[in-house]
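Trainee: I am new to reading protein models, and I would like to take a close look at a single part of this one. Could you walk me through it slowly?

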Amino acid sequence: MTQEFEDKASAGAALSRGRDLYAKNTYLNRVLASDQYVLSLQKQFSNNEALGELILTYSEMLEESKDTKQAANTIYKLIQLSENKMLTDLNVVTGTALFYGRIGKYQTGINVVKNYLRAKGPISSKLLAYDLDLLINAGDLVESRKVYTKLKEIPKKPFEAYYYLAHFNEVDDQQAEAQNTIEEGLKYYPNSAMLLLKYADYLFKNQNQKKYEEILNKCKQINVEDSPVNLAKFYYHMGL
């Protein structure tokens, strides 16, 4: 995977480009970001933060993969290479926890987060968001409520956080609050296909036809971020 002699300058440049792309918060830019993380690791594998960011990005895109089994195997191999960072690297932990959630091993993902938190590493709103989703899917509503409260108090969060906060509201039978949460997220991320499509779900249930059509038109304008998963959801709303 790596070249014989490490090129730290090129590795750093590729990592920086990857971060810039990732920060644009779209599916296609995350694909491009992952390519830069790979390039960075090819230039310098040891002590390179790109590894954790690659695990996180690959895990976030796992459901989009044409061959999810092969993609999951790739991520698992990267996780094995990062075993010694499970208590220190926030991105490794976040991506690993998410990965286990994506393959249905919710308790394993929860344990990854618990072990990291015991080591008192830094916490991000994205880690809390994915931990919340793991706890909800594991059926642990007591712990999920605690994480929900912590995450809710953070002012501006990643777009995924609003999605999973709304998911908790749904499970907690707070449908109006769920819609409010998505609306809040859209103030910060008006072009997030994930949030727009979730908003469309609520508008359809509430029979708000005019707003529903506006949101679907917005989804069409952004081409749902060129995401296969989002495209399938969009087609569902369009009756295709």
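Trainee: Let us take Y189: does this residue count as buried or exposed?

Mentor: Happy to help, and please keep in mind from the start that this is a predicted model. Y189 counts as buried, because its relative accessibility is 13% and the cut-off for buried is under 20%.

Now look at the partner of this residue. Y189 forms an aromatic pair with F159. The two ring centres are 5.9 Å apart, and the planes meet at 70 degrees. That makes the pair edge-to-face, because the angle is over 60 degrees. F159 is buried too, with a relative accessible area of 7%.

Where do the two partners sit along the chain? F159 belongs to helix 9, while Y189 is in the loop between helix 10 (175-188) and helix 11. The pair therefore ties together parts that are 30 residues apart in sequence. You can also widen the view a little: ring pairs link F159, Y162, Y188 and Y189 into a cluster. In the whole structure there are 9 aromatic pairs.

For a contrast, find F204 and Y212. Their ring centres are 5.6 Å apart and their planes stand at 45 degrees, so this pair is tilted. The two partners also let you practise the words buried and exposed. F204 counts as exposed, at 54% relative accessibility, whereas Y212 counts as buried, at 7%.

Let us follow the helix that holds F159 a bit further. Helix 9 gives the largest share of the lining of the largest pocket, namely 7 residues. This pocket has a volume of about 550 Å³. It is lined by 30 residues, and those closest to its centre are E60, E63, R102, Y164 and M194. Helix 9 (159-171) is one of several elements that give two or more residues to this lining; the others are helix 2 (27-43), helix 5 (90-102), helix 7 (125-137), helix 11 (193-205) and helix 13 (228-238). Sorted by class, the lining of the largest pocket has 12 nonpolar, 11 charged and 7 polar residues.

One residue from that list leads us to another empty space. R102 is among the residues closest to the centre of the largest pocket, and R102 also lines the largest cavity, together with A97, L98, G101, Y130, D133 and L134. The cavity holds about 30 Å³ of space. Helix 5 provides the largest share of its lining, 4 residues, and helix 7 also supplies at least two. The lining of the cavity divides into 4 nonpolar, 2 charged and 1 polar residue. How does one find such spaces? Rolling a probe the size of a water molecule over the atoms shows where empty space is left.

Next, go back to the loops, as Y189 is in one of them. Most residues other than glycine have a negative phi. Two residues here are worth finding with that in mind. Q207, in the loop between helix 11 and helix 12 (209-221), has a positive phi near 60 degrees and is not a glycine. V224, in the loop between helix 12 and helix 13, also has a positive phi, of about 40 degrees, without being a glycine. Their surroundings contrast: Q207 is exposed, with a relative accessible area of 70%, but V224 is buried, with 1%.

One more loop leads up to helix 9. P155 lies between helix 8 (141-152) and helix 9, and is exposed, with a relative accessible area of 61%. From P155 to Q175 you move 20 residues along the chain, and their C-alpha atoms are separated by 21 Å.

To finish, try the buried and exposed labels on one helix. Helix 4 (residues 68-81) has 14 residues, and its first and last C-alpha atoms are 20 Å apart, close to the 20 Å expected at 1.5 Å a residue. Its buried residues are A71, A72, I75, L78 and I79. They cover an arc of only 120 degrees around the axis, which puts them on the same side of helix 4. On the other side of helix 4, K69, Q70 and K77 are exposed. If you turn the model to look along this helix, try to pick out the buried side and the exposed residues on the other side.

Technical notes
Residues are numbered from 1 along each chain as its sequence is written. This is a predicted model: local features need pLDDT of at least 70, side-chain atom pairs count only at pLDDT 80 or more; totals for chains, interfaces and linings use all residues. Side-chain values use heavy atoms; hydrogens and water are left out. On a 1 Å grid over the protein atoms alone, a cavity is a set of points where a 1.4 Å probe fits but cannot get out, and a pocket is an open set with protein on both sides within 12 Å along at least five of seven lines; lining residues have an atom within 4 Å of a point. Grid points are joined across faces, edges and corners, and a volume is the space filled by probe spheres set on the points. Ala, Val, Leu, Ile, Met, Phe, Trp, Tyr, Cys and Pro count as nonpolar, Asp, Glu, Lys and Arg as charged, and the others, Gly among them, as polar. Rings of Phe, Tyr and Trp (its six-membered ring) pair if their centres lie within 6.5 Å; planes under 30 degrees apart count as stacked, over 60 as edge-to-face and the rest as tilted. Buried means under 20% relative accessible area, exposed over 50%, partly exposed in between (1.4 Å probe, protein chains only). The expected span of a helix is 1.5 Å times one less than its number of residues. The arc is that of the directions from the helix axis to the C-beta atoms.
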